[in-house]
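Grab a coffee and open the viewer: here are a few exercises on rings, charges and strands. Try each one before you read its solution.

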Amino acid sequence: MSKKPSIPKGTRDFNAEEVAKRSYIMETIKEQFQLYGFQPIETPSFENSETLMGKYGDEGDRLIFKILNSGEYLKKISDEDYNSKSESSITPKISEKALRYDLTVPFARYVVQHQNEIEFPFKRYQIQPVWRADRPQKGRFREFYQCDADVVGSKSLFQEVEFVQLYDAVFTALKLEGVTIKINNRKILSGIAEVIGAQDKLIDFTVALDKLDKIGEEKVKEEMRSKGIPEDGIAKLQPLFSLSGDFGDQVESLESILSTSEIGKTGIEELEFINSAISKLKLKTAKLQLDVTLARGLNYYTGAIFEVSAPEGVKMGSIGGGGRYDDLTGIFGLKDMSGVGISFGLDRIYLVLEELNLFPDTITEATKVLFISFGEEEAMASIQAVSKLRESNIKAEIYPDAVASGKQMKKQMTYANRRNIPFVVLVGEEELKSNTYSLKKMATGEQQKLEFRDLLKALE
RNA sequence: GUGGUUGUAGCUCAGCUGGUUAGAGCGUCGGUUUGUGGUACCGAAAGUCGCCGGUUCGAACCCGGUCUUCCACCCCA
């Protein structure tokens, strides 16, 4: 045996069934995106490095796949840089392009670049792969698909409301019931940080808070202390750790904490607006839940923050996320362009649907009938029949190699069986003479000789 | 980037404290069955034990490195 070929870690091949299942998810999402008025765009797999670098924090920069320059790139490096062995100074000189890390930043770039051709508010969706140089683990790959829908150019909170509805619509259409749409607001987090005297430590504070359900109250407090958050501030957080009840109850507790923070109060108002709209509009199968510990994407989110988690009992990271970013295009020079968007994690949704057995049986449509090949003359007759069946939209094929003996007959039957082809047609010497077709139903083994008209009827 | 885990036939995995020619099930191929698959029986082929190096009289097994798998942390879809 020669050297085994392989694919890079964190990447996958997909067989016919997997492709069918993946496209089922994509089509379902696409359909809902279009129903909500989003237009598709696509952007290149790789961007100029400067478009991506620095947009996702230090951690993000580390996870961006960089593309090596072509040509004699080493000759352009000065001896000083070369000997320094410093990645940060050499990397930009030998790599000017990088693989797309998410769809949001390329979208922001797109909006700025095409601002004169775009009607605002601009609603677009985008379904494309992204790449991250991460270590793979459960539900985490180095190449995976994101399905994003965003609106730029509207500050209306009704956008947030519609996105909650959109999440609900997609997961309902996928029959994935009972997902939780968690919502939070950056302004509330800022408000809390302000109240406890940690405005400058917002990220440290929220990163610690985000771990609450994972490591528990004490460990979270410990981490906050270690980051230099004052003890009396941590004490003020106490009501946060025991938040309970419905949306309204939780908001009440928050109000008591945030009474002295203007920004915090704004955050609460926004949350309440979204919640009351949603409770009037009603969700079909999803739940909307306030989660003050939710703190993702803080590098650019400024208002609402969303995250969707799989139904209870399924061990999987978030299957979707999103939020409001008031100034994303600002980085590229277009000010005052508020955006809000959500993302679906195709690969994770796939794993969840698989685990819960929610894929419809009908999505893997294969060949319906296989014609057994006997010889040249028979094959010719078979191909004529196959062509006619195809004209009637019946998936039909003929085994490419002729039967020379019973062994090959067996081989062809086995082939039909393996591929789950439900019907086999035999056209041999006898059938040729009588101008008939022997149709065999594989599941039961029953077989009958039919004229073409009846064959067509039986297969329709 | 940190810590752990995995790698033996096409696939799933056994393989004792290091000891002759490395095993099973499934699959593949052939036969019982020359116009009939899915069930039965008989037989056969198939492995540089992930790769490189070390220890040893002797390594699938012990040690080091490296790649890979999966998991956790960080972060994230």
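**Exercise 1.** Which residues point one way from E10, and which the other way? Keep in mind as you look that this is a predicted model.

*Solution.* Start with the alternation rule: in a regular strand, side chains alternate between the two faces of the sheet. Now apply that to the strand: Gly320, Gly322 and Arg324 go one way from E10, while Gly321, Gly323 and Tyr325 go the other. Next, check burial, for which the cut-off is under 20% relative accessible area. All of these residues are buried. With 6 of the 6 residues of E10 (residues 320-325) buried, the strand is therefore largely enclosed by the rest of the structure.

**Exercise 2.** Find the strands that pair with E10, and work out the bridge partners of Gly320.

*Solution.* Take E9 (residues 304-309) to begin with: it pairs with E10 in the antiparallel sense, over 4 bridges. Here Gly320 is the bridge partner of Val308. Then turn to E11 (residues 339-345), which also runs antiparallel to E10 and is joined to it by 6 bridges. On that side, Gly320 has Phe344 as its bridge partner. Hang on to Phe344, as it's also a member of an aromatic cluster.

**Exercise 3.** Look up that cluster and describe the pair formed by Phe38 and Phe163.

*Solution.* Searching the whole structure gives 17 aromatic pairs. In the pair of Phe38 and Phe163, the ring centres are 5.7 Å apart and the planes make an angle of 35°, so with stacked meaning under 30 degrees and edge-to-face over 60, the pair is tilted. Now trace the chain: Phe38 is in the loop between helix H1 (16-35) and strand E1 (39-40), whereas Phe163 is in helix H7 (residues 158-173), 125 residues apart. Both rings belong to one cluster, together with Phe33, Tyr125, Tyr167, Phe171, Phe306 and Phe344. For burial, Phe38 comes out at 5% relative accessibility, so it counts as buried. Phe163 is buried too, with a relative accessible area of 2%.

**Exercise 4.** Classify the pair of Tyr437 and Phe452.

*Solution.* The centres are 5.9 Å apart and the planes sit at 70°, so this pair is edge-to-face. Tyr437 belongs to strand E15 (residues 437-441) and Phe452 to helix H20 (residues 452-459), so the pair ties together parts 15 residues apart in sequence. Both Tyr437 and Phe452 are buried.

**Exercise 5.** Which charged ends sit over the rings of Phe38 and Tyr101?

*Solution.* Over Phe38 you'll find the charged end of Lys123, 4.8 Å from the ring centre. Over Tyr101, the charged end is that of Arg132, 4.2 Å from the ring centre.

Note on methods. Residues numbered from 1 in each chain as written. Chains lettered and ligands numbered in written order. Predicted model: local features only at pLDDT ≥ 70, side-chain atom pairs only at ≥ 80, totals over all residues. Heavy atoms only, no water. Phe/Tyr/Trp six-rings, centres within 6.5 Å; stacked < 30°, edge-to-face > 60°. Helix = DSSP H or I, 4+ residues; strand = E, 2+ residues; numbered from the N terminus. Buried < 20%, exposed > 50% of the residue type's maximum accessible area, 1.4 Å probe, protein only. Lys NZ or Arg CZ within 6 Å of the ring centre and 35° of its normal. Pairing = 2+ DSSP bridges.
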